[in-house]
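Biologist: I'm new to this one, so could you walk me through it and tell me how you arrive at the words you use?

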Amino acid sequence: MGEFDLIAKYFSNAGVKRTDTCVSVGDDGAVLQVRDGYDLVVTTDTMVANTHFFPDVDPRSLGHKLVAVNVSDLAAMGAEPTWLSLALTLPAIEEAWLAEFAAGLHETADYYNCQLVGGDTTRGPLSLTMIAKGQVPRGKAITRSGAKVGDYIYVTGTLGDAALGLKLVQGQHEISKKHQGHVLQRFHYPAARVALGQALRNTASSAMDISDGLAGDLPHILRRSGVGAYIDVNKLPMSQALRDSCEPALAIQLALSGGEDYELLFTVPENRRGSLDVLLSPYGVPVTCIGRITGLAGKLELKAGEQPFFYQHQGFQHF
Ligand SMILES: [Mg+2]
């Protein structure tokens, strides 16, 4: 099967057809209509075999994850996802693998109402690059640079589950049968907080998604905003699966520095904090206040209640 047959068979005709897509896969470029009064938001994510995933991973989950991690970046900006492009490097054409990968990619793209509008295929070591495009009302994108001293720091959902899922996959940690499904789902099929990100457009002063772990990612907001922060580790939201499966110290470590949760991390000024519960209640995703922005530029302090919490940060290794 040649490159063109491959594109036609797996990537041309599947998935949602958006009315704002004028020219899609098959031409030299895609032609896309950005809504009047909206800004275009573009993000790229690459996943390389043996660096970001195991080569023998279920290709369906890989297709899902590639879309979800890109859409998660759009969600963090408060953008509505609209289009995707794919650059696929494959060591060989294995149809069974491609069919499953494409199915995972398309079902997740459909879920987020994103259309695949272009791409490229090459022969080489297995590597997946996706470009995701979204739209946000002009000037309303939520960036990492808007956090102010006194803002409250929130995260969506729970932290550490994907890292625990990874430990299970690697055979590094025993987890009771009843919790295995949850952590494997969180690791293989992360959800992008799209609706919630859009709901935060007029409320959050800054936001990002947590891909490399809270303790590694929050400093990006601190640097871009020129502020500091403290986090109370006793407030980190954890699933029952994480609590039941780990000693408290390990649970905190995974919640702080386990990557790939793809939850949103955002800050809210005090005067908008009161309306947050009402604003976010329709989305069915809990949000938890875990700390506050301080004036100590670049400094992230960890506390356990009123006590300092000492912790050696280990950056997320991607697998
Ligand atoms: Mg991100």
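Biologist: Leaving aside its neighbours within four places in sequence, which residues is R18 in contact with?
Modeller: Bear in mind that this is a predicted model. R18 is in contact with R35, E80, P81, T82, W83, N113 and Q115. R18 itself lies in the loop between α1 (3-12) and β1 (21-23).

Biologist: Why does R18 count as buried?
Modeller: Buried means under 20% relative accessible area. R18 has 11% relative accessibility, so it counts as buried.

Biologist: What makes the link from R18 to N113 a polar contact?
Modeller: The side chain of R18 reaches the backbone oxygen of N113 at 2.9 Å, and the cut-off for such a pair of N or O atoms is within 3.5 Å, so the distance fits.

Biologist: Which residues coordinate the magnesium ion?
Modeller: D73 and D209 do, each through OD, at 2.0 to 2.1 Å. They link distant parts of the chain: D73 sits in helix α2 (residues 59-76) and D209 in strand β8 (residues 206-209), 136 residues apart.

Biologist: Why are D73 and D209 called buried?
Modeller: The cut-off is under 20%. D73 has a relative accessible area of 19%, so it is buried. D209 has 2%, so it is buried too.

Biologist: And why is L40 called partly exposed?
Modeller: Buried is under 20% and exposed is over 50%, with partly exposed in between. L40 has 44% relative accessibility, so it counts as partly exposed. L40 is in strand β3 (residues 38-48), and with V34, V42 and I131 it forms a nonpolar surface patch of about 290 Å² accessible area together.

How values were computed: Residues numbered from 1 in each chain as written. Predicted model: local features only at pLDDT ≥ 70, side-chain atom pairs only at ≥ 80, totals over all residues. Heavy atoms only, no water. Helix = DSSP H or I, 4+ residues; strand = E, 2+ residues; numbered from the N terminus. Buried < 20%, exposed > 50% of the residue type's maximum accessible area, 1.4 Å probe, protein only. Polar contact = N/O pair within 3.5 Å; in protein donor to acceptor, adjacent residues only side chain to side chain. Contact = heavy atoms within 4.5 Å. Donors = N, O, S within 2.8 Å, 3.2 Å for Na, K, Ca; no water. Patch = residues over 30% accessible without salt bridge, like charges linked within 9 Å, V, L, I, M, F, W, Y side chains within 5 Å. Areas by Shrake-Rupley, 256 points an atom, 1.4 Å probe, with all protein chains shown as cover. Salt bridge = Lys/Arg side-chain N within 4 Å of Asp/Glu carboxyl O.
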